[in-house]
Amino acid sequence: MSQFIISVGREFGSGGRVIAEALAERFNIPIYDRHLITDIAEKTGLTPEEIEKYNENPKHRIVSRSVRGFSNSIEDNIAEMQFNIIDQKAQSGESFVVVGRCSETKLRKYPALISLFVLGDMSEKIKRVMEVYSLSEDEAKKLIEKKDKKRKRYHNYHCSGHWGDSRLYDLSINSSRLGIEGTVDCLEAYIKARLGADAK
Amino acid sequence: MSAAQIFAVIIFTAMFVMIVLDKIERHYVTLGSGVLTLGVVFGICMRKGSAIWDTLALEGFTKKEFWYQVTESESKGINWATIVFIAGMMVMVEGMAKAGFFRWLCMKIAFIVKCRTIPVFITFMIMSAVLSMFIDSITVIMFLAAVTVELAQLLKFNPVPMILSEIFCANLGGSATMCGDPPNIIVGTSMGFSFFDFLTNTGVCAGICLAVSVLFLYFAFRKELASAEGEKIDMSKLPKPSEAITDKKSFIISSIIFGCAVILLVTHSMTHLTVATIGLSIAVITLLTSAKDAPELLKKVDYKTLLFFIGLFIVVGGLEETGILELIAKFIKNISGGNAMLMVAIILWVSAIASAFVDNIPFAATMVPVIESLAATTDVSRNTLAWTLSLGTDIGGSATPIGASANVVGTSVAAKNGYPISWGRYCRKIAPATVLVLAISTGYLFLRYL
């Protein structure tokens, strides 16, 4: 099978990461999410916890400055490292699933890219977050809003398109409609159709 | 306040805020602000076509003094001499970098001291300061930090203390000469100073500060560096300095051009060649001698920075033409009550604190007409105020990770290689070093000039 790269953007609590993992399993390809952090940790000697602190975080504008492509922001540098890693993997011809990391934009130049965005109804996302993180409704709602705000700022700082804007992705899907399994089935069918169409 | 003054201040303030927020590339910000200054302040409010023409200062190119200057002269509006000089130096530096000059120099010095941590630490600090006297500190730190990380990985030491010290010394070295740091080029070309004037004034102060800084930074970081000292080093495993040279012929030529540039700069008060002439000459020679690589070198010139300067000079021209800078000068005069010591202290420390957080280039460009005005209305000599401004803006930039370009580049190189430097980590040792050096500079200025 020729190369294909599945990029999964997601709202917090939509089950996007679980869906991405299921897709990786169904297509028997590796998934890069937390793995990117361990990869950087191995290369740099930093601990995964240190990297996690700055992962998918937007930089603080007031205390950051850029000069000729260099930035003093640790968040920027960690992001840049992750963009480079996924780019190298894409360049090597490997098929994989990547979660977040502005991958729908950063890997757009590769014809093998299939970009997806998973969203969800707030009520469903709250239920899911309450269950996964053992939180109250209020806490879950606050966490969702906080995480999504951060992801949006991170994405919109590194890319010209807006996070979650359907024009940026091949397919945007609301996981609350079909549930996690149903969404995975639907996406699997879509990806197979794409692969079939690309093969012709 | 007149409408022109109000708009000039609004445009300048908005420009500064936008530069700090870093949402739009800074050259677009200054150019946009420059266009607004020309259109709104000069055109609509002042209805003064001559002010637009004076600020664009294009006729300067046709004047003999722009290229060959026997007596001191001052410039107004866009400081084309600064722009031509910086562009010329950029071409030369690109040529040197392509030939492998900087990497070779770093590796050579590391080999001379047998790659032992403490001697590398000290020699790299001195090299950083000396190179920054002639070359922009961004390039110096880009190479020095990269080699430091490489050596650190091979010799198993933490490169962060060394990179921080190199950054600090690069900023200090830059304050020593007219071409070391953009604020100095602006001060020098705007107020008609020579390379030698800087060397014998800010240079002496920078020399004293460097000696103290090397000691201070050594004691500040000795524990972190000592852990790696004493381990046996297998020099055969290290990359040889000669491996850094990509093309021997280009390397020799670029080294000769660099040597010529240094000689021309040191002697320009005797030869009467202006920095614009020197910048243009070395660029032309670099391009002629690197024939086939010339398009690549030209492509690598940082045009964004040059455009940033052009826009900036126009906006500052707006403040100057509308008399705002004179008001600032009067304000400084009033709060200092005409006391020379207080005035010098205010300019030095305010420049330093401002430069620690915002780009020191707009600050210096704005302050030049202010100190000219202060010198004209008080007993303090313009030279003293010029050295004060240079030292304040150059040294103050060291205090935080965003104060100067070298800091950003150095911390970025470190982070990309797995050594992120947070604000806390940066400021813990470097901010006290900056305060120490500023205190020395205050003493120096008081004792020598007042």
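## A walk through chains A and B

Start in chain A: select Lys106(A) and Phe83(A), and you'll see Lys106(A) over the face of the Phe83(A) ring, 4.7 Å from its centre. Bear in mind as you go that this is a predicted model.

**Stop 1: more of chain A**

Stay in chain A and pick Glu21(A) together with Arg17(A). Their side chains form a salt bridge, with N to O at 3.1 Å. Colour helix H1 (residues 16–27) of chain A and you'll find both of them on it, 4 residues apart, so about one helical turn separates the two. Glu21(A) is partly exposed at 36% relative accessibility, and Arg17(A) is partly exposed too, at 37%.

**Stop 2: crossing to chain B**

Now select Arg68(A) and Asp136(B). Their closest N and O atoms are 3.5 Å apart, which makes a salt bridge. Arg68(A) sits in the loop between strand S3 (66–67) and strand S4 (70–71) of chain A, while Asp136(B) sits in the loop between helix H7 (117–132) and H8 of chain B, so this pair joins two chains. Check the surface on either side: Arg68(A) has a relative accessible area of 34%, partly exposed, and Asp136(B) comes in at 25%, also partly exposed.

With that pair on screen, bring up the whole interface. How many salt bridges run between chain B and chain A? The count is 3, and there are 6 residue pairs in polar contact, both residues being at pLDDT 80 or more. To see what chain B brings to this side, show helix H1 (3–21), helix H8 (137–155) and helix H21 (405–416) of chain B; these are the elements that give two or more residues to the side touching chain A. Which of them gives the most? That's H21(B), with 8 residues.

Zoom out a little: 29 residues of chain B are in contact with 19 residues of chain A. The accessible area lost when parts come together is often used to give the size of an interface. Here chain B and chain A bury about 2200 Å² between them, and 60% of that is on carbon and sulfur atoms.

**Stop 3: aromatic rings in chain B**

Next, show all the Phe, Tyr and Trp rings. Over all chains, the whole structure holds 25 aromatic pairs. Go to Phe101(B) and Phe102(B): their ring centres are 5.5 Å apart and their planes meet at 90°, so this pair is edge-to-face. Both are worth a look with the surface on, as Phe101(B) is buried at 7% relative accessible area and Phe102(B) is buried at 2%.

A second pair to pick is Phe308(B) and Phe309(B). With centres 5.9 Å apart and planes at 70°, this one is edge-to-face as well. Phe308(B) and Phe309(B) are buried. Add Arg26(B) to the selection and you'll find it over the face of Phe308(B), 3.9 Å from the ring centre.

Then go back to Phe101(B) and Phe102(B) and widen the selection to Trp104(B), Phe134(B), Phe143(B), Phe195(B), Phe251(B) and Phe258(B): together they form one aromatic cluster.

**Stop 4: a link across the sequence**

Select Glu321(B) and Lys48(B). Here is another salt bridge between side chains, 3.1 Å from N to O. Glu321(B) is in helix H16 (residues 303–321) of chain B and Lys48(B) is in the loop between helix H2 (26–45) and helix H3 (49–56), so the pair ties together parts 273 residues apart in sequence. Is each end buried or exposed? Glu321(B) is buried, at 18%, whereas Lys48(B) is partly exposed, at 33%.

For a network rather than a single pair, hop back to chain A: Arg26(A), Glu181(A), Asp185(A), Glu188(A) and Lys192(A) are joined by salt bridges that share partners. The count for the whole model, over all chains, is 25 salt bridges.

**Stop 5: two helix residues in chain B**

Pick Ser336(B), in helix H17 (residues 324–336) of chain B. Ser336(B) is buried, with 4% relative accessibility, and its side chain reaches the backbone oxygen of Lys333(B) at 3.1 Å. Leaving out residues up to four places away in sequence, Ser336(B) touches Leu342(B), Met343(B) and Ile346(B).

Finish at Thr289(B), in helix H14 (residues 275–289) of chain B. Thr289(B) is partly exposed at 38%. A polar atom of its side chain lies 2.8 Å from the backbone oxygen of Ile285(B). Beyond its neighbours within four places in sequence, Thr289(B) is in contact with Ile253(B) and Ile257(B).

How values were computed
Residues are numbered from 1 along each chain as its sequence is written. Chains are lettered from A and ligands numbered from 1 in the order in which they are written. Side-chain values use heavy atoms; hydrogens and water are left out. Rings of Phe, Tyr and Trp (its six-membered ring) pair if their centres lie within 6.5 Å; planes under 30 degrees apart count as stacked, over 60 as edge-to-face and the rest as tilted. Buried means under 20% relative accessible area, exposed over 50%, partly exposed in between (1.4 Å probe, protein chains only). A charge sits over a ring if NZ of Lys or CZ of Arg is within 6 Å of the ring centre and within 35 degrees of the ring normal. Contact means heavy atoms within 4.5 Å. Buried area is the accessible area (1.4 Å probe) that two parts lose on being put together, summed over both. A salt bridge is a side-chain nitrogen of Lys or Arg within 4 Å of a carboxyl oxygen of Asp or Glu. A polar contact is a pair of N or O atoms within 3.5 Å; within protein, one must be able to donate a hydrogen and the other to accept it, and residues adjacent in sequence count only if both atoms are side-chain atoms.
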